[in-house]
Amino acid sequence: MRFEVGSALSIGAILFTVIIVAAMLIWVERRLLGLWQERLGPNRVGPFGLLQVVADMIKIFAKEDWVPPFADRFSFLLAPPIIMVVILMSFSVIPFAPGVGVIDSDIGVLFVLAMASLGAYSVMLGGLSSNNKYALLGSLRAAAQMVSYEVFMGISLLGVVALAGTFNLREIVLSQADGWYILPQCVGFVIFLIAGVAESHRLPFDIPEAEQEIVAGYHTEYSGMKFGMFFVGEYLGVVLVSSLIVVLFFGGWLGPAFLPPIVCFVLKASVFVAFFVLLRAAIPRPRYDQLMNYGWLFLLPLSLLNLLLTGAFVLWQEGM
Amino acid sequence: MTLLFYSAGAIALIATLSVIISTNVVHALVYLIISLLSVAVIFFALGAPFAAMLEAIVYAGAIMVLFLFVMMMLNLGQATEDEERAWMRPSLWIGPGVLSGILLLQFVSTMLTHDVTLAPVEVSVRDISLLLFGPWLLAVELASMLLLAGLIAAYHLAKK
């Protein structure tokens, strides 16, 4: 079978880097939010507050790791690792640079979609097993939101897949050598971005954990490292969606010749991570029914139309 | 690949058995998801990566999510678990046990008489697409009409 797997060393390095980056994002986000809201943000621990994450980690590990007696122990313990595992698995098909990546698979895009759909179990089981009405409400919202936005996420990707003619993410990057897909697929890009925010349930779409209404939503009962897994999992999701946007729409590692490919990739991905934070700082949270109506009545027809036009364009180009 | 096939098959068997004997509905569902994922791995080992991914996306990722979604709204508690345990009395196992024993015998005897070897042929996504939108186009369109009918019916029911 045509699957090229990277060496154990490179797999370990990618895993380690991704987790460290996701943890550091906690500090990055708080500093950037501070910048945009005209305040300082955490700047006490270490230079520029860089060691804030270490302090947070020590705090989180020292906390009592409590399983509520009324919770369903099996599902309660199972839920937090699911989100970490599925998102880290998704990173295995992302091509970071020529020769840097875990696996080159002909089903890369499908694999990412499969893992995204399995991620919904984390929030659902977490909320259901907590036996708490706020957690249950949060996970009900999360389930509906994730299942709905998965649909548009998949359909918005298909335009890129049709243009590139492959599900292989590395080949998708290589096929963008003479023009990134952001121009022909700008509609698909916008839909994918919105669906990506909804899938990683970040503000403004953090309706499953809306603090003002339902305490902390599906992770109300979680403490210690189990809460930390949900928390880091959210940032891992941000990194994953940013990397996917770069790979699918912005030519992956392709860029000016004087920059090393991996630097190019990281720079592009950081722009989108910063954009995610800006979204959080700038846009208020919509109501739950607004979110669902917006998805099904606006994004779904738009993404189908985009797919139809892209398909027609590909056929017309082949006929010429 | 052979090792992958047999280990995934063993996991699928154990998980499916756990679905049947588990008294807690949520645990049974989790086992069912594991079972479906291991079937996806079996498809993969047999050289059908596309089918494997569809199994994971459609069955494990979408249908089971809806099952769990419904279960959340039913608010099942200790009462259901007791009811389930009462249904699981030993005498209940005789009938299904005999029937599946006969099936197992038939299966084993077929396996022994025929020469079965595991020879995976990889079917790529491109091959499947060419088949689906070539000779099987009519079947694809019929299936889409069936789905459309379901969609319209669901819309009608939700409007009431």
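**Exercise 1. Burial and spread of chain B**

Task: State what share of the 160 residues of chain B counts as buried, and decide whether chain B is compact or spread out by the globule rule.

Solution. The model is predicted.
Step 1. In chain B, 17% of the 160 residues count as buried.
Step 2. The secondary structure of chain B consists of 7 helices and 0 strands, in the order α-α-α-α-α-α-α along the sequence.
Step 3. For 160 residues the globule rule gives 15 Å, and the radius of gyration of chain B, 20 Å, is well over that, so chain B is more spread out than a compact globule.
Step 4. The C-alpha trace of chain B extends about 55 × 55 × 25 Å along its principal axes.
Step 5. Among the contacts in chain B with a separation of 6 or more, 61% join residues 24 or more positions apart.

**Exercise 2. The same quantities for chain A**

Task: Find what share of the residues of chain A is buried, and how its radius of gyration stands against that of a compact globule.

Solution.
Step 1. Chain A has 320 residues, of which 46% count as buried.
Step 2. Chain A contains 11 helices and 2 strands; from the N terminus the order is β-α-α-α-β-α-α-α-α-α-α-α-α.
Step 3. A compact globule of 320 residues would have a radius of gyration near 20 Å, and chain A has 20 Å, so the two agree.
Step 4. The principal-axis spans of the C-alpha trace of chain A are about 65 × 45 × 45 Å.
Step 5. For chain A, residues 24 or more positions apart make up 79% of the contacts with a separation of 6 or more.

**Exercise 3. The interface**

Task: Determine how many residues of each chain are in contact with the other, and which element of chain B gives the largest share of its side.

Solution.
Step 1. The contact involves 18 residues of chain B and 22 residues of chain A.
Step 2. On the side of chain B, α2 (25–45) and α3 are the elements that give two or more residues.
Step 3. α3(B) gives the largest share, 12 residues.
Step 4. Sorted by class, the side of chain B that touches chain A has 14 nonpolar, 3 polar and 1 charged residues.

**Exercise 4. A helix pair across the interface**

Task: Classify the packing of α4(A) against α3(B) by angle and by handedness.

Solution.
Step 1. Two packed helices are described by the angle between their axes and the distance between the axes.
Step 2. For helix α4 of chain A (residues 108–129) and helix α3 of chain B (residues 49–74), the angle is about 20° and the axes are 9 Å apart.
Step 3. Angles under 35 degrees count as roughly parallel, and α4(A) and α3(B) are therefore roughly parallel to each other.
Step 4. Their crossing is left-handed.
Step 5. The residues that meet include A:L110, A:F111, A:L118 and A:M124 in α4(A), and B:M53, B:I57, B:V65 and B:M72 in α3(B).
Step 6. The contact of α4(A) with α3(B) has 16 nonpolar, 2 polar and no charged residues.

**Exercise 5. A helix pair within chain A**

Task: Classify the packing of α9(A) against α10(A) by angle and by handedness.

Solution.
Step 1. Helix α9 (residues 224–249) and helix α10 (residues 261–282) of chain A pack at about 125°, with axes 8 Å apart.
Step 2. That angle makes α9(A) oblique to α10(A).
Step 3. The crossing of α9(A) and α10(A) is right-handed.
Step 4. Among the residues that meet are A:V238, A:S242 and A:I245 in α9(A), and A:F265, A:K268 and A:F272 in α10(A).
Step 5. By class, the contact of α9(A) with α10(A) has 9 nonpolar, 2 polar and 1 charged residues.

Note on methods: Residues numbered from 1 in each chain as written. Chains lettered and ligands numbered in written order. Predicted model: local features only at pLDDT ≥ 70, side-chain atom pairs only at ≥ 80, totals over all residues. Axes fitted to C-alpha atoms, helices over the stretch in contact; angles between N-to-C directions. Helix = DSSP H or I, 4+ residues; strand = E, 2+ residues; numbered from the N terminus. Parallel < 35°, antiparallel > 145°, perpendicular 65-115°, else oblique. Left-handed = near helix turned anticlockwise from the far one by under 90°. Contact = placed C-beta atoms within 7 Å. Nonpolar A, V, L, I, M, F, W, Y, C, P; charged D, E, K, R; others polar. Rg over C-alpha atoms; globule rule 2.2 N^0.38 Å. Buried ≥ 20, exposed ≤ 12 C-beta atoms within 10 Å, placed from the backbone.
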